[in-house]
Every structure is written in C-alpha cells, then in structure tokens.
Amino acid sequence: MTSRIILPANPKVGLKMDIRILIQHPMETGFRYDASGSAMAKNVIKKLSLDLDGLILFSGELGTGTSANPFLQWSVILPKSGWLQLKWEDDEGNSGVERVLCNLSA
Amino acid sequence: MNAKRSTLQFLTQLTALLGIVGGAALAPRQNARAQALERESEDFRVLFKQLTNSARVTQERVHVTIPRLADNGHSVPLKVWVDSPQSAEDHVKRLVVLSERNPRPMISSLQFLPTQTRLELSTRIRLNGSQRIWVLAQMSDERWWGQSASVEVTESACLDASL
C-alpha cells in the first residue's frame, strides 16, 4: 500500500498552496462478502496525520464513509520549508509513512 | 342516440371519479415513502448530538459543494470551504463530515492547525443511496457552524454489484 504527498511544482514563501494526499488502501467497510460468501472484516485507515518537521499540521480519523484510496486536498500557507511527513494506520495494524521535502522559494 | 350519449357521459365521469379517488389514495402512500427516504438514521441523530453537545449549529460560514446527482455512491467528490481566516484567534479546529443514511454516519473527522489561509478541502466520500450530508466545523471558540447538502445517488455503495 503506497501513499503519496503531492505538492505544487514551485511552492513560494507566504503563498497559499494545496497539499494533496493519496493513499492506496481498500477501505474495506465490513459490509461486503468475498467469493466464498464469508464476510470481509472492516479495515479502514483509522488515523492519519501530516507534520512539518514534527509540527502536526493536520490529523484525522476516517470512517467507512471515505472512498477506497482516500484522497484529501486542503489549502495551507506553510510557515517554513522542511520535510512533510504523512503517517497512517489502519484497523489491521498496517501503517505507512511517506516523506517529502518541501522547499519554499522566495 | 341520447341514451348512448348519456352512457358515454356516465362512463367519462366514472373514469374521472376513479382517477381522483385512486390518486388521492395513492398520494399519501407515496409521500410517506418519500419522507422515509429523507429521514436521517438514529445513529446519525445520536452522533450529531454527541458531537455538538446539543449546542446550536449555525448554518453559516461553511460552504459545501457536492454533485446533485452521483452515478454511484462509491466515490462522490466533496468540496468544502469555510469562511474563516484560519488565524490563531479564529480558525477551524475540527471539521466533521456526517452522512444521514450511511450505516456508520461518521465519514471523517479532521483537525487542522491555523494555517493563515482560508480552509478549502476536497475529498471523496462513499454514500449509501440518496441522502443529505452534513459538514460541521468546530471553531477555535468551540462554537459549531455547519451546512448540509443533498445528493441523489443512483447506485448505493453498500450493495456489492459483483455478487
């Protein structure tokens, strides 16, 4: 399960930018059945967070009402350049970390 | 000739009368069904009250964009923006997306830092049929703002089409 943080091509100091997060995850609702007819256990990303060098910019809990391969985009003005780190954890205990360097130009 | 005409007249009147009676009998049943579809689930009501602590939710400042009609409920694009400067004094602390008729009403609960720019969020949600969705924003002063939007869903995300 891979995840991505997508940033604008040329982010600038003090300007609004959109951060996009995309995680490859089935977000199993627990209401579906597999080919043999047995129920598939609920497995969704229960926690995710994005931090900039340790400063948590965003954190969230997703429910079964979030689509498979969760996508989130929101607007920020970053206080400084640094490493953006996305962390997530699902019901089955799987987790993932994704890091991307964000260099703000003047 | 005259008798024939009166028979015809009688038949026309009878048909009209039956039509009216039939219509009147059917109409309430259809209304009841429409209302049942609109009604929110008990889980939603409980969660809504629990979240807001029964405080008043003012339907302002939060703006929701969702398609009127979605072909299927598996992935419906949702856009939200909140009229707030996101400064340290006045910002959205928490944004909650709720569904009135999903088996689990909580779609997502997101927390934000004040980032000095208007909060604009896009995501994709899953819906169990036509319903209203709610986006609630808890501001830094603990007050709740919110907005709802209706969406028609042709195919529910809760039915497994592969079976």
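These are short questions and answers on a predicted model with chains A and B.

Me: How many residues does each chain give to the contact between chain A and chain B?
Reply: Both chains contribute to this contact. On the side of chain B that touches chain A, β6 (106-112) and β7 (119-125) are the elements that give two or more residues. The counts are 29 residues from chain B and 23 residues from chain A.

Me: What is the make-up by class of the side of chain B that touches chain A?
Reply: Three classes are present, nonpolar, polar and charged. The split is eleven nonpolar, twelve polar and six charged residues.

Me: Which residue of β6(B) stands opposite A:Gly60?
Reply: Strand β4 of chain A spans residues 55-62. Five bridges join this strand to β6(B), and the two run antiparallel. Opposite A:Gly60 stands B:Leu110.

Me: Which residue of β7(B) stands opposite A:Trp74?
Reply: Strand β5 of chain A covers residues 71-76. Three bridges join this strand to β7(B), again antiparallel. Opposite A:Trp74 stands B:Leu121.

Me: Which residue of β7(B) is the bridge partner of B:Leu78?
Reply: β7(B) also pairs within chain B, with strand β4 (residues 76-82). Seven bridges join these two strands, which run antiparallel. The bridge partner of B:Leu78 is B:Thr123.

Me: Which side chains of β7(B) point to the buried face?
Reply: In a regular strand the side chains alternate between the two faces of the sheet. β7(B) shows such alternation. B:Glu120, B:Ser122 and B:Arg124 point to one face and are not buried. The buried face takes B:Leu119, B:Leu121, B:Thr123 and B:Ile125.

Me: Which residues is B:Leu95 in contact with, leaving aside neighbours within four places in sequence?
Reply: The largest nonpolar core has 48 residues. B:Leu95, B:Leu98 and B:Val135 touch the most other members. Beyond its sequence neighbours, B:Leu95 is in contact with B:Val80, B:Leu110, B:Phe112, B:Leu121, B:Val135 and B:Ala137.

Me: Why does A:Asp53 count as exposed?
Reply: A:Asp53 lies in the loop between β3 (45-52) and β4 of chain A. Its phi is positive, about 50°, although it is not a glycine. A residue counts as exposed with 12 or fewer C-beta atoms within 10 Å. A:Asp53 qualifies because its C-beta neighbours inside 10 Å number 12.

Me: Is B:Ser54 buried or exposed?
Reply: B:Ser54 sits in the loop between α2 (42-52) and β1 (57-58) of chain B. B:Ser54 has a positive phi of about 60° and is not a glycine. With 9 C-beta neighbours inside 10 Å, B:Ser54 is exposed.

Notes. Residues are numbered from 1 along each chain as its sequence is written. Chains are lettered from A and ligands numbered from 1 in the order in which they are written. This is a predicted model: local features need pLDDT of at least 70, side-chain atom pairs count only at pLDDT 80 or more; totals for chains, interfaces and linings use all residues. Two residues are in contact if their C-beta atoms, placed from the backbone, lie within 7 Å. Helices (H or I, at least four residues) and strands (E, at least two) are DSSP runs, numbered from the N terminus. Ala, Val, Leu, Ile, Met, Phe, Trp, Tyr, Cys and Pro count as nonpolar, Asp, Glu, Lys and Arg as charged, and the others, Gly among them, as polar. Two strands pair if DSSP finds at least two bridges between them. A nonpolar core is a set of buried Ala, Val, Leu, Ile, Met, Phe, Trp, Tyr and Cys residues joined through C-beta atoms within 7 Å. A residue is buried if 20 or more other C-beta atoms lie within 10 Å of its own, exposed if 12 or fewer, and partly exposed in between; C-beta atoms are placed from the backbone.
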